[in-house]
Amino acid sequence: MLNGKHILLGITGGIAAYKCAALARLLVKKGAEVKVVMTPIARQFVTPLTMATVTKNPIVVDFFDPENGAWNSHVSLGMWADLYLIAPATANSIGKMAHGVADNLLLTSYLSAKCPVFIAPAMDLDMYAHPTTTRNLETLKADGVHIVEPESGFLASGLEGKGRMAEPETIAEAVDAFFEEKQDLAGKTVVITAGPTYEKLDPVRFIGNYSSGKMGFAIAEECAKRGAKVKLIAGPVSVKAVHENIERIDVESALEMRDAAVRLANDADIIVLSAAVADYRPATMADHKIKREKTGAMTIELVPNPDIAAELGKMKKDGQLIFGFALETNDEQFNATGKCERKNFDFIVLNSLNDKNAGFRYDTNKVTIIDRDGSITPYDLKSKVLVAKDIIDYTIKKLNK
Ligand code: PMT
């Protein structure tokens with residue numbers, strides 16, 4: 001299933017575009033959120049109104065809205081997507097993609113997309129058989145683009161042969177199969193901390209941080225999909241856990257998070273510490289709202305919170321795998337390596353606030369895995385869903401070593 005996946009559907013100007021309403025509907029039915037970008041000519045074949053109605057999202061065609069000048073950012077479309085599907089992909093658009101021509105929003109989105117790209121070619125049989133098209137498709141394949149082969153049959157020209165866009169069901173299946181749920185964590189229990197902690201000052205105020213929980217929740221969903229029983233200890237966040245294998249334990253403060261983590265750690269095969277835990281809390285919590293003083297500064301005394309990761313690192317059982325995160329602003333690798341050793345992690349996932357669109361709150365992240373064996377594995381900027389997939393692939397390899 002495509003539950004929660006972000007699919008960017010690119011529609012180019014070919015007669016097969018009329019099938020895109022059915023295709024988008026199938027993707028939505030499988031649980032995906034679909035946004036559509038069209039080339040200007042594609043509007044002649046299927047209307048933006050139809051696509052907007054099916055996907056419940058506005059359609060983008062131009063670089064900016066001519067009515068109010070609002071900018072349609074190809075970069076943010078590419079960042080949003082977990083997968084970019086271009087269907088139908090005409091010979092013209094395929095040629096442009098193969099040669100880096102970016103003269104419309106669909107193509108600029110292709111060049112800036114960090115996610116996997118699928119295309120479903122559609123054209124007349126002679127265009128499809130032309131050596132130029134073959135060459136262009138080979139180039140795209142070499143660039144990592146997935147091709148949903150066209151089918152043979154009656155074509156709009158009245159001729160019969162290969163070039164007809166694959167049926168919507170076939171394309172949706174290919175996308176679904178790409179995200180297919182491997183069950184390589186079946187029988188494993190994974191404990192995850194996610195989100196911020198709030199440290200109360202008085203009944204209305206707290207010390208906290210910007211963590212949204214998106215990274216930790218994406219890891220929880222990935223582990224659950226792969227068959228693990230997941231215990232997700234969540235600080236105060238608004239993200240939702242969807243998968244039925246996830247048991248969510250809501251906490252607010254670092255002390256509450258620590259108690260839950262210590263209670264659950266013993267049964268865990270894998271422990272993931274992605275929470276942004278407050279290192280300090282107010283020494284006392286006022287039982288009424290603190291009033292503003294007429295003059296002078298206010299001082300709040302802070303006391304250290306327990307280091308949950310270090311505590312679990314000390315309790316670590318044979319065969320248990322523990323990893324955490326480091327969000328750094330300077331001397332990133334040096335600091336992360338130190339944390340990895342001090343907390344007895346098997347590896348640490350470094351994200352840096354110096355990388356654009358990475359870290360707190362974004363839907364995307366850019367991480368580097370620093371392993372206790374000395375290896376360093378950097379990854380590209382991508383959606384947190386795909387970052388979670390990379391991290392869990394890495395974890396599985398490490399478990400099977
Ligand atoms: O939630 P998002 O908006 O998606 O953002 C994700 C994230 C940026 C919060 C996440 O990717 C991340 O980096 N989390 C760790 C944040 C951090 O700064 O950690 P740290 O350097 O303070 O701590 C290092 C490790 O020790 C972390 O695994 C942390 O969970 C753990 N720790 C820290 C302090 C403490 N008292 N207890 C802990 O367990």
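Which residues come nearest to the ligand? In this predicted model, they are Ser211, Ser212, Leu273, Ala275 and Lys339, out of 25 residues around the ligand.

**View 1. Polar contacts to oxygen atoms of the ligand, with Ser212, Met215 and Arg361 picked out.** Ser212 uses its side chain here: one of its N or O atoms sits 2.6 Å from a ligand oxygen. With Met215 the backbone does the job, placing an N or O atom 2.9 Å from an oxygen of the ligand. Arg361 also brings in its backbone, where a polar atom is 2.7 Å from a ligand oxygen. As for cover, the ligand would expose 770 Å² if taken alone, and the protein buries 95% of that.

**View 2. The shell around the ligand, by element and by residue class.** Helix H9 (214-225), helix H11 (308-315) and strand S16 (321-328) are the elements that each supply two or more shell residues. S16 chips in the most, with 3 residues. Sorted by class, the shell has 11 nonpolar residues, plus 7 polar and 7 charged ones.

**View 3. Helix H1 crossing helix H8.** Packed helix pairs are described by the angle and the distance between their axes. Here H1 (residues 20-29) and H8 (residues 168-178) have axes that come within 9 Å and cross at roughly 35°. It's a right-handed crossing. On the H1 side, look for Ala22, Leu23, Leu26 and Leu27; they meet Pro168, Glu169, Ile171, Ala172 and Val175 of H8. That contact counts 8 nonpolar residues and 1 charged residue, with no polar ones.

Technical notes:
Residues numbered from 1 in each chain as written. Predicted model: local features only at pLDDT ≥ 70, side-chain atom pairs only at ≥ 80, totals over all residues. Heavy atoms only, no water. Near = heavy atom within 4 Å. Polar contact = N/O pair within 3.5 Å; in protein donor to acceptor, adjacent residues only side chain to side chain. Areas by Shrake-Rupley, 256 points an atom, 1.4 Å probe, with all protein chains shown as cover. Helix = DSSP H or I, 4+ residues; strand = E, 2+ residues; numbered from the N terminus. Nonpolar A, V, L, I, M, F, W, Y, C, P; charged D, E, K, R; others polar. Axes fitted to C-alpha atoms, helices over the stretch in contact; angles between N-to-C directions. Left-handed = near helix turned anticlockwise from the far one by under 90°. Contact = heavy atoms within 4.5 Å.
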